[in-house]
Amino acid sequence: ERILPMWDWVGGRYSLWSAVGLPIVAAIGESGFKELLAGAAAVDDHFRREPLGRNLPVLVALLGIWQRNVAGLPSHAVVPYDERLKSLPEYLQQLDMESNGKSVGAAGEPLARATGPLIWGGIGTNAQHAFFQWLHQGSDVVPVDFIAVRDPDHDYREHHRQLIANLLAQATALMRGRNLAETREALRTQGVTGAELEHRAAHSCFAGNRPSNLIMLERLSPRALGNLLALYEHKVFVQSWIWGINAFDQWGVELGKTLASSIEPQLDQGPGGDDDPTLDHWIEWLRR
């Protein structure tokens with residue numbers, strides 16, 4: 001009595017707008033869910049009607065194409081500066097990587113260029129103390145989407161002001177970097193001199209010129225969340241069209257599902273003669 005049947009034609013992706021969104025209705029109410037839909041519909045309409053030069057999903061998609069195929073950057077980080085968006089990088093992993101993680105075109109031909117990048121990220125307050133060092137001074141350049149909310153839904157205004165200041169500072173530092181002369185001067189103002197200054201300066205300067213986008217929401221309302229998710233959906237679609245791939249299948253994942261159906265009985269019955277000694281080893285180990 002507590003299981004809600006779902007039609008088999010309801011897709012696993014792009015589906016929070018559909019019957020899959022029932023838990024959202026339960027959480028935020030019918031009016032909130034309608035606002036979520038309205039926010040997505042507004043971006044749908046923008047994408048459909050605006051000229052390419054002012055079309056936000058198209059512009060964001062073209063930036064990604066440039067970074068992937070011209071600059072040769074294989075990954076893209078998503079860093080929200082709002083705890084309520086902590087699951088967004090994971091959501092976008094499925095949206096982007098399951099859609100555009102393809103090396104074969106829509107007509108079945110091998111593609112000669114790179115397609116969807118690795119999508120990863122995390123909450124900004126945590127990320128600054130985890131992987132931002134790598135973003136700033138690592139040997140790989142990674143484009144970053146910074147996402148923030150101007151007006152918080154809490155009373156800690158001073159904390160929020162510091163949060164936004166950190167976001168802007170990190171984005172600025174990625175862009176500007178700091179050359180050796182600037183680093184030396186900064187260390188001198190801290191009283192560092194001589195060999196210690198030169199040693200620290202060598203470790204504290206970096207080139208900058210690392211790209212990022214800043215997406216700033218006025219508030220994290222259901223409508224604004226609908227805007228944001230639809231923006232990324234249309235971005236992924238535009239990129240799939242440019243790359244000539246079908247964003248709406250996932251045949252690579254299907255192979256694993258097929259193999260799982262034959263492996264599961266072997267966990268009870270023993271190896272099934274697949275001529276795969278590694279698989280047989282682990283099945284035997286699990287059966288001990």
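# Close-up views of a predicted model

**View 1. Asp 145 has Asn 213 as its bridge partner in strand β4.** Strands here are DSSP runs of E with at least two residues, helices are runs of H or I with at least four, and both are numbered from the N terminus. Strand β4 covers residues 212–217 and runs parallel to β3, with six bridges joining the two. Strand β1 (residues 75–80) also pairs with β3 in the parallel sense, this time over four bridges; strands count as paired when DSSP finds at least two bridges between them. From β1, Val 78 stands opposite Asp 145. Before you move on, a word on the model: it is predicted, so local features need pLDDT of at least 70 and side-chain atom pairs count only at pLDDT 80 or more, while totals for chains, interfaces and linings use all residues. Residues are numbered from 1 along each chain as its sequence is written, and side-chain values use heavy atoms, with hydrogens and water left out.

**View 2. Strand β3 is covered on both faces.** On one side you will find Val 144, Phe 146 and Ala 148, and on the other Asp 145, Ile 147 and Val 149, all of them buried. Buried means under 20% relative accessible area, exposed means over 50%, and partly exposed lies in between (1.4 Å probe, protein chains only). Because six of the six residues of β3 (144–149) are buried, the strand is largely enclosed by the rest of the structure. In the protein chain, buried residues make up 38% of the 288 residues.

**View 3. Val 78 is one of the residues with the most contacts inside the largest nonpolar core.** That core has 25 residues, and Leu 88, Leu 92, Ile 147, Ile 215 and Tyr 232 share this role with Val 78. Helices α1 (22–49), α3 (88–100) and α9 (222–243), together with strands β3 and β4, each supply at least two of the core residues. The most come from α9, which gives seven. A nonpolar core is a set of buried Ala, Val, Leu, Ile, Met, Phe, Trp, Tyr and Cys residues joined through side-chain atoms within 4.5 Å. Setting aside residues up to four places away in sequence, Val 78 touches a list of residues that includes Leu 88, Pro 89, Trp 120, Asp 145 and Tyr 232; contact means heavy atoms within 4.5 Å. Another core lies apart from this one, with 17 residues, among them Ala 77, Tyr 81, Phe 146 and Ala 171.

**View 4. Arg 223 and Glu 35 meet in a salt bridge between their side chains, at 3.1 Å from N to O.** The pair links distant parts of the chain: Arg 223 sits in helix α9 and Glu 35 in helix α1, 188 residues apart. A salt bridge is a side-chain nitrogen of Lys or Arg within 4 Å of a carboxyl oxygen of Asp or Glu. Arg 223 counts as partly exposed, at 35% relative accessibility, and Glu 35 is partly exposed with a relative accessible area of 35%. The structure holds 14 salt bridges.

**View 5. Two salt bridges lie within helices: Asp 45 with Arg 49 in α1, and Glu 158 with Arg 161 in α6.** The side chains of Asp 45 and Arg 49 meet at 2.5 Å, N to O, and these residues are four apart, about one turn of the helix. Arg 49 is exposed, with a relative accessible area of 61%. The N to O distance for Glu 158 and Arg 161 is 2.9 Å, and these two are three residues apart, again about one turn of the helix. Here Arg 161 is exposed at 56%, whereas Glu 158 is partly exposed at 38%. Elsewhere, salt bridges that share partners join Asp 82, Arg 84, Asp 153 and Arg 219 into one network.

**View 6. Arg 176 is an exposed residue in helix α6.** Its relative accessibility is 62%, so Arg 176 counts as exposed. Helix α6 covers residues 157–176. Apart from neighbours within four places in sequence, Arg 176 is in contact with Ala 207 and Gly 208. The C-alpha atoms of Arg 176 and Gly 270 are separated by 60 Å, and the two residues are 94 apart along the chain.
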